[in-house]
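This report goes through selected side-chain interactions, the nonpolar cores and a few individual residues of the structure shown below.

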Amino acid sequence: MKINLYLLPRKFLKDKLKLRNIAKAVLAAEGKRLKELNIVFTDDKQMQKLNNNFFKKNYPTDIMSFLLESDYGEIYISKNQIVGYRHMLELIIHGLLHLCGFDHRTAKDKKVMAKKTLFYSLRFE
């Protein structure tokens, strides 16, 4: 699987290979196969545009995930909202779980996603 990290904040450049390996491991553990994954770091202004265009919500969000085809995914993360490496890792894992079909529309779904995010973030911290 090809994993591209675009505009990764400078302070995390040393973690590029580790982040790719974590993404591969989470997807494999969840049984999701992708040919390509793009993780794009952007700013709140761009996130607000994406959120408005795709979800009709006119405010920035910290993360958005798109499964463009069954084997091609994209994750967008706002650099403005990252609070350290651990938080960035949790956002990436959260986005990966969305690509695997998880969501947080109900209280039960939120609990499952929170547990899985915590599990993987502790496993790969």
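Arginine 86 has a relative accessibility of 27% and therefore counts as partly exposed, and glutamate 90, at 24%, is likewise classed as partly exposed. In this predicted model, the side chains of glutamate 90 and arginine 86 meet in a salt bridge with an N to O distance of 3.1 Å. Both residues belong to helix H3, where a spacing of four residues places them about one turn of the helix apart.

A search of the whole structure finds five salt bridges, and the table gives some of them.

| Salt bridge | N to O distance |
|---|---|
| Glutamate 90 and arginine 86 | 3.1 Å |
| Lysine 116 and glutamate 30 | 2.9 Å |
| Aspartate 15 and lysine 14 | 3.3 Å |

Which parts does the pair of lysine 116 and glutamate 30 tie together? Lysine 116 lies in helix H4 and glutamate 30 in the loop between H1 and E2, so this salt bridge ties together parts that are 86 residues apart in sequence. Lysine 116 itself is partly exposed because its relative accessibility is 23%. In the salt bridge between aspartate 15 and lysine 14, aspartate 15 counts as buried at 13% relative accessibility, whereas lysine 14 is exposed, with a relative accessible area of 68%.

Side chains of opposite charge can pair when their charged atoms come close. Lysine 32, in the loop between H1 and E2, is buried yet has no salt bridge, and the nearest side chain of opposite charge, that of aspartate 71, is 8.3 Å away. Since a salt bridge requires a nitrogen to oxygen distance within 4 Å, that separation does not qualify. A polar atom of the lysine 32 side chain does lie 3.4 Å from the backbone oxygen of serine 70. Beyond its neighbours within four places in sequence, lysine 32 is in contact with Leu27, Leu67, Ser70, Leu99 and Cys100.

The aromatic side chains form a further group of interactions, with a count of six aromatic pairs. In one of these, the ring centres of phenylalanine 55 and phenylalanine 66 are 6.3 Å apart and the planes make an angle of 15°, so the pair is stacked. Because phenylalanine 55 lies in helix H2 (residues 44–55) and phenylalanine 66 in strand E3, the pair ties together parts that are eleven residues apart in sequence. Phenylalanine 55 is partly exposed at 43% relative accessibility, while phenylalanine 66 is buried, with a relative accessible area of 13%. Tyrosine 120 and phenylalanine 124 form another stacked pair, with 6.4 Å from centre to centre and 10° between the planes. These two residues are four apart in helix H4 (residues 107–124), which means that about one helical turn separates them. Tyrosine 120 is buried, with a relative accessible area of 4%, and phenylalanine 124 also counts as buried, at 17%. Ring pairs also link Phe54, Phe55, Phe66 and Tyr76 into a cluster.

Turning to the nonpolar interior, the largest core has 30 residues, and those with the most contacts inside it are Leu37, Phe41, Ile77 and Met88. Two or more residues are contributed to this core by each of strand E1 (2–6), helix H1 (16–29), strand E2 (36–42), strand E4 (72–78), helix H3 (85–99) and H4. H3 gives the most to it, with nine residues. Apart from neighbours within four places in sequence, isoleucine 77 is in contact with ten residues' worth of surroundings that include Ile39, Phe41, Met47, Ile63, Leu91 and Ile92. A second, separate core of six residues includes Met47, Leu50, Met64 and Phe66.Three other residues complete the account. Asparagine 4, found in strand E1, is buried, with a relative accessible area of 12%, and it touches Glu36, Leu37, Asn38 and Ile39 when residues up to four places away in sequence are not counted. Proline 60 lies in the loop between H2 and E3 and is partly exposed, with a relative accessible area of 30%. Not counting residues up to four places away in sequence, proline 60 touches Asp44, Met47, Gln48, Asn51 and Gln81. Glutamate 69 is found in strand E3 (residues 63–69) and counts as exposed because its relative accessibility is 53%. Glutamate 69 and lysine 35 are 34 residues apart in sequence, and their C-alpha atoms are 9.8 Å apart in space.

Terms used. Residues are numbered from 1 along each chain as its sequence is written. This is a predicted model: local features need pLDDT of at least 70, side-chain atom pairs count only at pLDDT 80 or more; totals for chains, interfaces and linings use all residues. Side-chain values use heavy atoms; hydrogens and water are left out. Buried means under 20% relative accessible area, exposed over 50%, partly exposed in between (1.4 Å probe, protein chains only). Rings of Phe, Tyr and Trp (its six-membered ring) pair if their centres lie within 6.5 Å; planes under 30 degrees apart count as stacked, over 60 as edge-to-face and the rest as tilted. A nonpolar core is a set of buried Ala, Val, Leu, Ile, Met, Phe, Trp, Tyr and Cys residues joined through side-chain atoms within 4.5 Å. Contact means heavy atoms within 4.5 Å. Lys and Arg count as positive and Asp and Glu as negative; His and the chain ends are not counted. A polar contact is a pair of N or O atoms within 3.5 Å; within protein, one must be able to donate a hydrogen and the other to accept it, and residues adjacent in sequence count only if both atoms are side-chain atoms.
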